[in-house]
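Subject: The two-chain model, handed over

Hi there,

As promised, here is the structure for you to open at your bench. My notes on what turned up follow below it.

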Amino acid sequence: MSLSDREWDDLKSILDKTVQKFLGFSEPSLVTAALNCINKGYDKRKTSEKLLSILDDKQAPKFADKLFNVYDEYKASSKSHRSKKRKEDKEDKDEGKKKRRFDEAVEIPGPGKPSPGQLTADKIKEMMATAQKMIQERKAQIQAAMPKLPTVSQISQNPQVHMNDAMDKAQRAAELQAQIQARMAGLSGNLQLMKPGIPGSIAQKIGQSMPTPLILDDEGHMIDKATGQAVQLQHHTPTLKANIRAKRRAEFKGLIEKPPEEITEGTFYDPRVSIRPANRQKRGFRFHDKGKFELLAQRLRTKAQLDRLQNEIAQAAKKTGIASATKLATITPKKELKEGEVPDIEWWDAFICNTDSYEAIGIGSDLRERLEGITHLVEHPAQMRPLAEPTKQVAIPVYLTKKERKKLRRQNRGEAQKEVQEKIRLGLMPPPDPKVRMANLMRVLGTEAVQDPTKVEAHVRAQMAKRQKAHEEANAARKLTTEQRKEKKARKIKEDTSLGVHVSVYRVRDLTNPAKKFKIESNCNQLYMSGLVVLFKDCNVVVVEGGPKQQRKFRRLMLHRIKWSEEKQKQTKDDGKESYCKG
Amino acid sequence: MDIEGSDDEGESVYVKKQKIVHYGSLEEKERQRLATGISLSSVSNDVVKAGIEAGNINISSGDTMEMEEDKESQAEALAIFERRKRARQIQVSTDDTEVKAHLRLLGEAICLFGEGPAERRERLRQLLATLGTDIIQPKKQEEPVEIKPKDEDNITWYHEGSENLKKARYWIAEYSIPRAKERIGKQKEQKHVLTVTRLQDMHKRLRSVSNEYSQIGDNRPLSHCEFSPNSKMLAVASWSGLCKLWSVPDCQLIRTLRGHNCNVGAIVFHPQATVSLDDNACCMASCGHDGAVKLWNLVSDEPIADIEGHAPYRVAHLNYHPSGRFLGTCCFDHSWRLWDLEAQEEILHQEGHSKPVYDISFQNDGALAVTGGLDGFGRLWDLRSGRCIMFLEGHLKAVLSITFAPDGFHVASGSEDNTAKIWDVRQRKCVYTIPAHTNLISKVHFQPEHGNYLITSSYDGTSKIWANSTWASLKTLAGHEGKVMNVDVSPDLKFIASVSFDRTFKLWASELKGGL
């Protein structure tokens with residue numbers, strides 16, 4: 001028994017599946033071998049024998065059984081199919097159409113389309129059968145891709161359900177086909193218009209890879225490019241209750257959230273109602289009057305001045321201890337005097353006597369009558385804190401005497417030593433190596449020293465070097481780093497001048513020597529002092545400011561360290577004159 | 001087994017020793033010895049076994065037993081060491097009451113029987129070493145407290161004085177205004193009296209001032225000197241508590257005034273003493289560091305009266321009112337007082353400085369008084385209205401000396417910041433600052449009557465003369481070996497007297513004729 005090409009193909013696909021199911025993986029060689037066996041018309045035993053070359057002796061008979069089962073099934077199905085096919089062919093001939101096998105599915109009448117011609121019951125049955133077969137084929141194909149899906153046999157058990165399914169799928173396939181064709185037609189048309197040189201196949205390919213152009217009609221419906229018909233896009237309607245509810249809620253929300261203006265503008269716009277257009281008033285220039293801002297500024301200035309004055313008066317009043325500025329005005333001089341001018345009356349007397357001149361004042365009872373403002377009140381003016389006094393109390397550090405320091409050190413070291421000794425005694429600490437020097441070498445390492453003096457000496461020397469090293473390292477560890485040392489130095493030199501600075505002034509007769517100038521400047525910098533130098537022919541002034549210690553050092557520089565008279569021995573005389581003041 | 005054998009051998013050796021000389025072969029003996037030895041060894045084996053069985057002999061199986069390191073006890077020992085170390089580092093107060101307080105805080109007995117402060121302290125230390133020092137809060141460090149002015153100090157307030165105060169004020173007003181009138185009149189007339197040539201002459205005379213007389217005044221530093229109004233006497237106060245009257249110019253001791261028990265700060269003459277005042281009346285006043293103020297006449301060497309009310313505060317300086325009726329004293333309780341010598345009572349206790357008041361000076365008219373305090377400020381007081389009418393602000397450190405110029409409206413102040421300042425009361429400002437000395441200024445003094453120059457004395461050992469209005473240095477009076485404590489000019493303008501820490505006083509005079 002030999003298989004036709006088609007049968008061979010069909011069987012191959014079925015067997016593929018069977019093999020996969022049997023072995024758990026696809027094995028083309030087994031499939032081919034099985035097909036060959038069937039092709040040659042072997043029986044079960046022969047087949048199993050043949051298959052032994054690929055499968056082992058247990059599996060081979062089993063597979064042969066399966067193979068023949070499948071083959072039998074196939075044969076049964078293919079018989080009916082062939083008979084149907086023949087009928088179909090007849091019909092096809094009737095309609096005068098010749099179609100490829102694949103197109104059959106396309107031509108299955110969908111629910112939206114009216115079926116061509118009258119449909120007899122036979123016809124319907126036939127169609128159903130064809131559809132069923134098609135489905136089976138498709139299923140087989142799908143299953144080849146996805147082996148986990150239920151097998152054909154399982155599907156065939158409930159054909160009614162699957163038929164509906166198939167109908168659905170066929171419809172969808174038809175739609176898809178139509179869409180693709182339409183798109184391709186449109187695209188190829190377009191492309192051919194633009195680029196006539198491009199072959200159709202390429203254009204098709206391009207068209208397939210490109211997204212569909214969206215074409216809308218005047219009502220906003222999407223239309224097909226080629227046909228101009230409205231395209232019904234698929235709407236996903238939720239089926240779950242929860243989803244439905246959610247959708248409804250979203251819609252409701254959207255309704256609420258819509259701003260009311262939109263409604264008025266859009267749907268509720270009534271053109272009959274006339275609204276006056278919001279036209280702008282024409283505005284002319286409005287210039288400020290000349291000098292307006294000057295006046296304003298002047299006013300501000302005078303106000304500020306007045307404030308300042310009042311503030312000053314208040315300050316003065318506060319310091320002198322007079323409660324209010326008005327009272328102060330009564331005791332301040334009424335007019336400012338120039339220097340050297342003698343007033344008619346001293347202002348403090350004017351306040352008492354209430355006159356403008358002493359001439360008006362008589363003696364005795366006349367004077368007494370004139371006096372005013374003399375009371376028995378004792379004033380307690382506001383007290384002022386001294387300027388140079390620090391606001392915080394300065395803590396005086398406590399220093400121990402040298403004796404006390406020594407005692408403390410001795411005690412501390414003694415305690416530490418005692419502790420170490422005790423630890424050694426209790427075995428909590430290994431005892432230190434005996435301290436060997438060159439001097440006590442013989443005593444400490446008596447016999448060893450006699451036996452190998454060179455070695456012992458080397459040992460002793462190593463120990464000495466180690467001790468020395470440890471000592472030096474300890475010293476180095478205690479040492480300040482460069483920055484720390486610098487900082488310490490600067491700290492020691494710098495002094496707090498926030499509450500009063502010492503200023504000294506030196507007069508130098510001759511300061512032409514650049515070396516001396518440099519000395520002054522660099523010393524000033526090193527001492528962190530500030531100041532200035534005024535150079536003139538024979539009178540040079542050096543002014544420096546800093547703390548008392550800095551001043552002392554600088555004074556020593558100016559008066560002792562710099563030898564002013566060293567060049568012109570007799571002509572120039574050191575005339576360092578200084579005076580201290582604070583401020 | 002070995003033990004037994006050796007014992008046996010020892011016995012045989014002993015035998016051998018007896019036989020000193022051995023003759024013949026040892027073979028026999030050896031064989032014998034070996035035979036017995038075997039037998040003996042077998043016997044001893046049995047004995048040993050029996051001993052082992054009985055438990056009298058213990059032979060270990062040869063395995064060593066490790067000495068178990070007692071970790072726990074070691075850790076304990078280390079902890080003890082640690083504690084002891086900590087105890088050594090803990091600072092325990094040496095104050096017994098504080099130690100007791102701490103013990104009580106810890107809930108321990110504050111005193112055990114027979115326990116002294118040292119043991120108690122040690123006990124506390126041990127306790128703290130085990131419990132940790134955190135339990136006892138370290139005694140609160142006296143944090144640098146910001147010195148804030150009290151609200152009370154920021155406002156001006158008044159209190160009612162006595163009726164006598166009012167009377168005295170009226171008296172002063174009636175006294176001062178005619179004097180002021182007279183002074184103003186003179187100033188208007190004498191506006192251009194002192195011509196340039198006369199000024200130059202005076203400067204020349206001043207430049208030729210030299211030390212005329214020098215005398216050891218006491219065996220303690222001298223603090224103050226003042227010429228008598230008739231210029232015949234010089235009163236010198238000393239830290240020994242004695243005040244001495246010296247004749248001028250021959251520097252003979254006239255009288256020693258005994259009465260102070262400690263340092264005398266100042267001694268001043270009554271403005272009319274030796275001129276129009278009776279010698280028996282109260283002619284001098286002196287003040288001491290213990291707050292005693294004493295009044296003296298020119299006859300006895302004992303004080304005729306004491307003014308009480310300052311103690312225990314030091315009275316730094318005092319001064320007579322030009323009328324001689326009132327005495328102003330500066331007290332270290334931040335106040336200055338005005339005493340009515342006629343009524344013999346304190347009529348005014350004036351506050352205002354935030355630190356001790358150090359010097360006081362009265363205006364020639366008697367209308368004003370100026371005080372300088374250690375707070376670095378000067379205050380000008382109107383004695384009639386009782387008000388502070390001017391605040392002299394400018395010195396950075398304490399004002400140690402302050403004086404009115406004879407013209408009645410200039411004030412000079414000398415300060416610890418080495419400067420002297422000249423203030424104009426009419427213009428209400430500081431008109432000049434003299435960086436006068438290299439040490440603090442102990443006294444500023446104007447030329448009497450005319451005020452043409454200013455003398456300053458300083459702790460740098462010199463006194464300096466400064467020309468009025470230009471404030472240029474005219475002469476430096478150097479000669480004292482120590483700090484110059486005070487300086488004065490005789491009213492007849494013949495001498496300048498200065499007293500010093502070196503216990504001498506010196507009289508300076510110009511070599512040219514015409515007075516200073």
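**What I found**

Let me start with a surface residue in chain B: B:Glu449 is exposed, with a relative accessible area of 64%. This glutamate sits in the loop between β23 (441-446) and β24 (453-458) of chain B, and its phi is positive, about 70 degrees, although it is not a glycine. Most residues other than glycine have a negative phi. B:Gln344 also has a positive phi, near 55 degrees. Its place is in the loop between β13 (335-340) and β14 (345-351) of chain B, and B:Gln344 is exposed, at a relative accessible area of 70%.

Please keep in mind that this is a predicted model.

**How confident the predictor is**

For the complex, the predictor gives an ipTM of 0.70 and a pTM of 0.58. Chain B has an average pLDDT of 86, and 87% of its residues score at least 70. For chain A the average is 75, with 70% of the residues scoring at least 70.

Within chain B, helix α1 (residues 2-18) has the lowest mean pLDDT of the elements, 45, and strand β15 (residues 357-362) has the highest, 96. Within chain A, the lowest element mean is 42, for strand β5 (residues 580-582), and the highest is 94, for helix α21 (residues 514-526).

Which stretches call for caution? Here are three:

- Residues 1-13 of chain B stay under a pLDDT of 50, and the model has seven contacts for them beyond four places in sequence.
- Residues 147-157 of chain A also stay under 50, with 14 such contacts beyond four places in sequence.
- Residues 190-207 of chain A stay under 50 as well, with eight contacts beyond four places in sequence.

Where pLDDT is low, the predicted coordinates should not be read in detail.

**Chain A and the nonpolar cores**

Chain A has 22 helices and five strands. Of its 583 residues, 23% are buried. Its accessible surface comes to about 43,800 Å², and 54% of that belongs to carbon and sulfur atoms. Among contacts in chain A between residues at least 6 apart in sequence, 53% join residues at least 24 apart.

The largest nonpolar core has 18 residues, and those touching the most other members are A:Leu11, A:Leu15, A:Leu30, A:Ile38, A:Leu51 and A:Phe63. Helices α1 (5-23), α2 (28-40) and α4 (59-95) of chain A each supply at least two residues of this core. If you want one residue to click on, try A:Phe63: leaving aside residues up to four places away in sequence, A:Phe63 touches A:Val19, A:Phe22, A:Leu30, A:Ala34, A:Leu51 and A:Leu55. There is also a second, separate core of 17 residues, which includes B:Phe326, B:Ile347, B:Val357 and B:Trp381.

**Two sheets in chain B**

One open sheet in chain B has four strands in the order β3-β4-β5-β6, with antiparallel pairing. Strands β3 (222-227) and β6 (253-257) of chain B stand at the edges with a single partner strand each, so one side of each is left without a neighbour in the sheet. From one strand to the next, the twist averages 20 degrees. Strands β4 (residues 233-238) and β5 (residues 243-247) of chain B pair over five bridges in the antiparallel sense; there, B:Ala237 has B:Cys243 in β5(B) as its bridge partner.

Another open sheet of four strands runs in the order β2-β29-β28-β27 (chain B), again with antiparallel pairing. Here the edges are β2 (209-216) and β27 (484-489) of chain B; each has a single partner strand, so one side of each lacks a neighbour in the sheet. The twist averages 20 degrees from one strand to the next. β27(B) pairs with strand β28 (residues 496-500) of chain B over five antiparallel bridges, and the bridge partner of B:Asp488 in β28(B) is B:Ala497.

**Two cis peptide bonds**

Most peptide bonds are trans. Even so, a cis peptide bond joins B:Val248 and B:Pro249, with omega about 10 degrees. B:Pro249 lies in the loop between β5 and β6 of chain B. The bond from B:Ala311 to B:Pro312 is cis too, with omega near 5 degrees, and B:Pro312 is placed in the loop between β10 (305-307) and β11 (315-320) of chain B.

Happy browsing, and all the best!

Technical notes:
Residues numbered from 1 in each chain as written. Chains lettered and ligands numbered in written order. Predicted model: local features only at pLDDT ≥ 70, side-chain atom pairs only at ≥ 80, totals over all residues. Heavy atoms only, no water. Pairing = 2+ DSSP bridges. Axes fitted to C-alpha atoms, helices over the stretch in contact; angles between N-to-C directions. Core = buried A, V, L, I, M, F, W, Y, C linked by side-chain atoms within 4.5 Å. Buried < 20%, exposed > 50% of the residue type's maximum accessible area, 1.4 Å probe, protein only. Contact = heavy atoms within 4.5 Å. pLDDT = per-residue confidence, 0-100. Areas by Shrake-Rupley, 256 points an atom, 1.4 Å probe, with all protein chains shown as cover.
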